[in-house]
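Student: Could you pick one part of this structure and give me a close look at it? I would also like to hear how it compares with a few other places along the chain.

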Amino acid sequence: MSSDGIIEIPGMILLFVCLLRCTQYMIQSHIKHIQAFWLAAVLVFFTVIRRELNYLPDLLVPSDFSFLNHSYDWWEDSVLTVIYLVALGLLAYSRHYLWAVLKNVPVSLYLIVTALAIIQYMGENAIMLPPTFGEVVEELAETVIYGIALTYLWRFKLADYESCLVQKLNYELKDVVTKIF
């Protein structure tokens, strides 16, 4: 583990719980658009967890690893890029549900997360902060963002959004049927 590994532990726990909560929502839903949205969320949390576990390849993969003339880093980047693209496709597929969820998030929450992301970036790149203190600021900002995500996921009411999407899709279907006939 890196030197700031102890600080990363609460963030990793929060990420795993977020991943489990998204998996729970994916399993509970019976509508394909909603399942696609939550599968995309699971994939996003999976990739974030993988990026946070940056020391894992050093422990498990030999430094001279090569497969089909490509290093582990190349393969990891390729696989994660495919996962990102699949998640993006799933979000596009579930765009109505995505929009219903995003439009009900308070603007203040967007502003807080944006400010924390800027602070995290400043800490990671030691902008206006000493490098050792910057690492602590980076990890704390990430942990707070993950805590906000978990709080939002925990308070989220799947049934409210599911019924909203069903009503919207039924309305669109009726509109198409009336235009045909």
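**From one residue to the chain**

Tutor: Let's begin with isoleucine 9, which is found in helix α1, residues 5-28. Keep in mind as we go that this is a predicted model. Isoleucine 9 is partly exposed: its relative accessible area is 36%, a value that falls between the 20% limit for buried and the 50% limit for exposed. Together with Ile6 and Ile13, Ile9 makes a nonpolar surface patch of about 300 Å².

Now for a residue on the inside. Alanine 87 lies in helix α4, which runs over residues 72-93. With a relative accessible area of 5%, alanine 87 is buried, because buried here means under 20%. Leaving aside residues up to four places away in sequence, alanine 87 touches Ala40, Leu43 and Val44. Phenylalanine 37 makes a useful landmark too: it is 50 residues from alanine 87 in sequence, yet their C-alpha atoms are 8.4 Å apart in space.

Helix α6 lets us look at both sides of one helix. It covers residues 107-124, 18 residues in total, and spans 26 Å from its first C-alpha to its last, close to the 26 Å expected at 1.5 Å a residue. Its buried residues are Leu116, Gln120 and Gly123. They sit on the same side of α6 because the arc they cover around the axis is only 60°. The general rule behind such spacing is that an α-helix has 3.6 residues a turn, so residues three or four places apart point the same way. Part of the cover over the buried residues of α6 comes from α7, residues 131-155. Turn to the other side of α6 and you find Val107 and Leu111, which are exposed. Just after α6, alanine 126 takes a positive phi of about 50°.

Finally, let's step back to the whole chain. Its secondary structure comes to eight helices and two strands, and along the sequence they follow the pattern α-α-α-β-β-α-α-α-α-α. Of the 181 residues in the chain, 34% are buried, alanine 87 being one of the buried residues. Among contacts between residues at least 6 apart in sequence, 75% join residues at least 24 apart. As for the outside, the chain exposes about 11700 Å², with carbon and sulfur atoms supplying 70% of that area. That brings us back to where we started, with the nonpolar surface patch of Ile6, Ile9 and Ile13.

Technical notes. Residues are numbered from 1 along each chain as its sequence is written. This is a predicted model: local features need pLDDT of at least 70, side-chain atom pairs count only at pLDDT 80 or more; totals for chains, interfaces and linings use all residues. Side-chain values use heavy atoms; hydrogens and water are left out. Helices (H or I, at least four residues) and strands (E, at least two) are DSSP runs, numbered from the N terminus. The expected span of a helix is 1.5 Å times one less than its number of residues. Buried means under 20% relative accessible area, exposed over 50%, partly exposed in between (1.4 Å probe, protein chains only). The arc is that of the directions from the helix axis to the C-beta atoms. Contact means heavy atoms within 4.5 Å. Accessible areas come from the Shrake-Rupley method with a 1.4 Å probe; for residues, only the protein chains shown count as cover. Patches are made of residues with over 30% relative accessible area and no salt bridge: like charges are joined within 9 Å, nonpolar side chains (Val, Leu, Ile, Met, Phe, Trp, Tyr) within 5 Å. A salt bridge is a side-chain nitrogen of Lys or Arg within 4 Å of a carboxyl oxygen of Asp or Glu.
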